[in-house]
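Dear colleague,

Please find below the structure that I am handing over to you. The findings follow directly after it, and I would ask you to read them with the structure open.

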Amino acid sequence: MRQSGRYLPEYRALREDRDILEMCRTPELAVAATLLPLRRMDLDAAILFSDIMVPVAAMGVEVRIEQGVGPVIPDPMLSERDVHRLRPLDPETDLPFVLEAVRLLRKELSVPLIGFAGAPFTIASYLIEGGPSRYYERTKALMYGQPETWDHLMNTLGSAVLGYLRAQVAAGAQAVQVFDSWVGALDPDDYARFVLPTMREIFEGLAQAGVPRIHFGVGTGELLTLMRDAGPDVMGVDWRVPIDEAWERIGLDLAVQGNLDPAVCLAPWDVVEAKALAVLRRAAGRPGHIFNLGHGVLPDTPVETMQRLVELVHERTER
Ligand code: CP3
C-alpha cells in the first residue's frame, strides 16, 4: 500500500523532480524505490514499484501522473472509436523494463515480491474521466449509455491485465494484487453486470500461475461477496468494515488483508497502537490474516510510526 512513497525522505531524494512513469520505466530506479522501505522496516513482503497506469501508457494512451493529483489523461475515452486507440498489450515487448525490474528484485530480496496491476474498472475510470473523479459520472454514463463499448473496454483491459500479471509471475513475482481501488462507486447489481465477468476471467486465468491472488478495493463493503466470487485467494479490505465482519462476509476459507485506516497513522502513537491492536483482536489470530493498511500510506505519515507499527504487529503475532 504505497510502501515506497513520499512519506520517506529517501524516496523524495530518489524521485527528485523525476517523472513517476519515467522511474517506472527505468529498472534500476524501480528496483531502488521498491527496496527503500525494506531498509527501514522489517516488512514481510515487497511490492513492486510501478503504477497502475504503466500498461495503458504502453498501449498507446497519453498518460501523465501529476503530483498531488494522480493520473491525468489529456484526451479521455468517450466513444467506441476512442477504445480502438488501445493497442493489445504484449508485456514482453511493451513492458520489458517492468519484467526486468521483477527479475532484478528477485536477486536482491529475501522476502516475497508482490506484483500488481490496476483492475479494468479503476483504469477505465481514469481513461474516461481524464483524471481522478468524485462521482464517476462520465464512467457511469458510458457504462449505461454505451454498454457494448463498455464491454469492449473491459475485455480489452481485462486481457491486458491478465497477460501483464502472467508475465510478472513468469519473471518471478511471488504473489499478485489486483487494485480495483475505485470500484466501490458501483452498486452490487452494476458490479455483477459490468465488472464481475472480467474480474472472473482475470482470476481464473491466473489460477494456473500458482501464486496467491489478492483482490483489493476501497469502500467495497457491500461488494465483498461479489468480489470474492471473482475467484481470488485473498480479499483486501479497507477500514470501513471491521475486519471480522468483512471476513464473515467473505468466508473464513479465504485469506483477508487489512485494514488499519492510513489516516490513523498520523495520530499520536497510543492511538495508532490501540487501533492496530483492535484489528489484530478482531482477526483473532486466525490463519490467513495479512496485517496491512486499508489503503496507501499518506505522505505526511511519520516514518517512525510505520516502523513502530511493523514492530508491534510482529511482536503480537509471533508464534
Ligand atoms: O505501494 C507501493 O509502494 C508500490 C507502488 C505503487 C504506486 N502506485 C507508486 C506511486 C502502487 C501499488 C500504485 C498503485 C496505484 N496507482 C493505484 C492503486 C492502489 C491505490 O493506492 O489505490 C492507484 C489508484 C494509482 C494511481 C495513482 N498514482 C495515484 C492515485 C497517485 C497519487 C497521486 C498523489 O500525488 O497523491 C499516483 C502516484 C503515485 N504512484 C505515487 C506512488 C508512490 C505517489 C508518490 C509520488 O508522487 O512520487
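In this predicted model, an N or O atom in the side chain of S181 lies 2.5 Å from an oxygen atom of the ligand. R15 also places a polar side-chain atom 2.4 Å from a ligand oxygen atom. With Q3 the polar atom belongs to the backbone, and its distance to an oxygen atom of the ligand is 3.1 Å. On its own the ligand has 860 Å² of accessible area, and the protein covers 94% of that area.

As to the surroundings of the ligand, 27 residues lie around it, and those that come nearest are R2, R15, G68, S181 and H295. R15 and S181 thus appear in this group as well as in the contacts with ligand oxygen atoms, at 2.4 Å for R15 and 2.5 Å for S181. By class, the shell consists of 14 nonpolar, eight polar and five charged residues.

Where does the ligand sit? The space that the ligand takes is the largest pocket. Helix 1, strand 2 and strand 3 are the elements that give two or more residues to the shell around the ligand.

The largest pocket itself has a volume of about 1300 Å³. Its lining is made up of 47 residues, of which R2, D51, W182, H295 and G296 are the closest to the centre. Two or more lining residues are given by each of helix 1 (9-15), helix 3 (27-40), strand 2 (64-66), strand 3 (70-72) and helix 8 (120-129). Helix 3 supplies the largest share of this lining, namely three residues. Sorted by class, the lining comprises 26 nonpolar, 15 polar and six charged residues.

I would also draw your attention to the second largest pocket, whose volume is about 980 Å³. It is lined by 38 residues, and the closest to its centre are D44, H289, I290, F291 and N292. Here the elements that give two or more residues to the lining are strand 5 (175-180), strand 8 (255-260), helix 15 (269-283), strand 9 (289-293) and helix 16 (303-317). Which of them gives the most to the lining of the second largest pocket? That element is helix 16, with seven residues. The lining of this pocket divides by class into 24 nonpolar, nine polar and five charged residues.

Two points of backbone geometry remain. The peptide bond that runs from G258 to N259 is cis, with omega near -5 degrees. N259 is placed in strand 8, an element that also gives two or more residues to the lining of the second largest pocket. The other point concerns E16, which is not a glycine and has a positive phi, near 45 degrees. E16 is found in the loop between helix 1 and helix 2 (20-24). Helix 1, at one end of that loop, is among the elements that give two or more residues to the shell around the ligand.

With kind regards

Technical notes
Residues numbered from 1 in each chain as written. Predicted model: local features only at pLDDT ≥ 70, side-chain atom pairs only at ≥ 80, totals over all residues. Heavy atoms only, no water. 1 Å grid on protein atoms, 1.4 Å probe; cavity = no way out; pocket = protein on both sides within 12 Å on 5 of 7 lines; lining within 4 Å. Points joined across faces, edges and corners; volume = space filled by probe spheres on them. Helix = DSSP H or I, 4+ residues; strand = E, 2+ residues; numbered from the N terminus. Nonpolar A, V, L, I, M, F, W, Y, C, P; charged D, E, K, R; others polar. Near = heavy atom within 4 Å. Polar contact = N/O pair within 3.5 Å; in protein donor to acceptor, adjacent residues only side chain to side chain. Areas by Shrake-Rupley, 256 points an atom, 1.4 Å probe, with all protein chains shown as cover. Sits in = over half its atoms within 2 Å of the grid points.
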